[in-house]
Amino acid sequence: PDAVALAGWSNMITLATLRWCQSRGIPTVCMSETNAWDFERKWLAERVKKGIVAHYGAGLTTNDSQTDYLVSLGLDRDRVFRGYNAVDNDYFRAEAKKWRALPGLPPELADSMPEAARGRYFLASNRFIEKKNLLRLLDAYAQFRAERGDDPADWPLVLLGDGELRTEIKAKIESLALGKFVHLPGFLQVDALPRYYATAGAFIHASTTEQWGLVINEAMASGLPIAASKRCGATQFLIEDGHTGFAFDPFETQDITRALVGLAASSANATMLEAAAKKVAEVSPAQFGIGLAGAAKAAIAEKARPNLIERAALDLAIARAARNERT
């Protein structure tokens, strides 16, 4: 290949391919969605990471914080291009439009949720793991419900996905007496998601940390109003609070409730939806292609030349990844 684009620096496939490319003089591009604030940083791990990144000739990111972090690991800023975190906006827009023109709820909801909830339910799509913050979201939703009536068609909450916290989430729903308002259809493949995006009234993503959060792109492209955690990379780029959606502190239950109230009041806000559609269009497959082409050209024009210590850092990372895979 003329150039190879790799995702970051943390798995065996990436690391081994990076060493293979370096040994054959093939330029490489680092595609990264990591932000400095994602996790607590340790000096030794960051030093090894710098050695790995020294093997890359260019980078591909999306927002400022991703770019800043890649630059802190040694890449020149003028060699970092934009456009990484993209989904097929046209697919989600067209599929949502198709399903909106047809009656009914998704089949997984048809027996558990009133038909009248179509177009006025909250949707979240996550793995059921701790960082997705679903237990606090349920607390916030319970506060939202306390200010509303007892109608099960009045902004119920649908949690798509599955995972290790499913039992705990079900227990939380029961303890908060939310059984007739919260629905768990399970994990669905991507081709089933547009029907939910089409029939929901709003989308919420409450993660305590998320390098990006592509479901936010999907929901925005599908024409849903969005509320998203400030700890998501996508929020920093796509969400201007009160203009293209709502941003909230994921550690503050009342702030999540505020976002839910705002979503329910803004589900038909044409101005907000139009602004959101324009913003998400800035992150598209076409822009990804432009950014990747620019990064590849930059990497080819000036190949990376890691020194002995930097090559040793890559070898160390590969050995560690091998140990982790064996265990």
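**Loop, cores and cysteines in a predicted model**

Leu-102 lies in the loop that runs between helix H4 (89–100) and strand S5 (122–125). The model described here is predicted. With a relative accessibility of 39%, Leu-102 counts as partly exposed. Leu-102 and Ile-52 are 50 residues apart along the chain. Their C-alpha atoms are separated by 51 Å.

Lys-49 sits in helix H2, which covers residues 43–53. Its relative accessible area is 12%. Lys-49 is therefore buried, since the limit for that class is under 20%. Neighbours within four places in sequence were set aside in listing its contacts. Lys-49 then touches Trp-9, Arg-41, Tyr-69 and Leu-73.

The nonpolar cores come next. The largest nonpolar core holds 35 residues. Within this core, the residues that touch the most other members are Tyr-121, Leu-123, Tyr-197, Ile-226 and Leu-238. Several helices and strands each supply at least two residues of this core. The helices are H7 (193–199), H8 (214–221), H9 (233–238) and H11 (270–280). The strands are S6 (157–160) and S9 (226–229). Helix H8 gives the most, with 5 residues.

Leu-123 shows what such packing looks like in detail. Residues up to four places away in sequence are again not counted. Leu-123 touches Val-158 and Leu-160. It also touches Tyr-196, Tyr-197 and Ala-200. Ala-202, Phe-203 and Ile-204 complete the list of its contacts. A second core is separate and has 32 residues. Among its members are Phe-144, Leu-184, Ile-204 and Ala-206. Ile-204 is thus named both as a contact of Leu-123 and as a member of the second core.

The cysteines were examined for disulfides. A disulfide is a covalent bond between the sulfur atoms of two cysteines. A search of the whole structure finds 0 disulfides. Cys-21 is in no disulfide, and the cysteine sulfur nearest to its own is that of Cys-30, 13 Å away. Cys-30 is likewise in no disulfide, and the nearest cysteine sulfur is that of Cys-21, 13 Å away. A disulfide needs the two sulfur atoms within 2.5 Å, so Cys-21 and Cys-30 do not form one. Cys-21 counts as buried because its relative accessibility is 0%. Cys-30 counts as buried too, at 0% relative accessibility.

How values were computed:
Residues are numbered from 1 along each chain as its sequence is written. This is a predicted model: local features need pLDDT of at least 70, side-chain atom pairs count only at pLDDT 80 or more; totals for chains, interfaces and linings use all residues. Side-chain values use heavy atoms; hydrogens and water are left out. Buried means under 20% relative accessible area, exposed over 50%, partly exposed in between (1.4 Å probe, protein chains only). A nonpolar core is a set of buried Ala, Val, Leu, Ile, Met, Phe, Trp, Tyr and Cys residues joined through side-chain atoms within 4.5 Å. Helices (H or I, at least four residues) and strands (E, at least two) are DSSP runs, numbered from the N terminus. Contact means heavy atoms within 4.5 Å.
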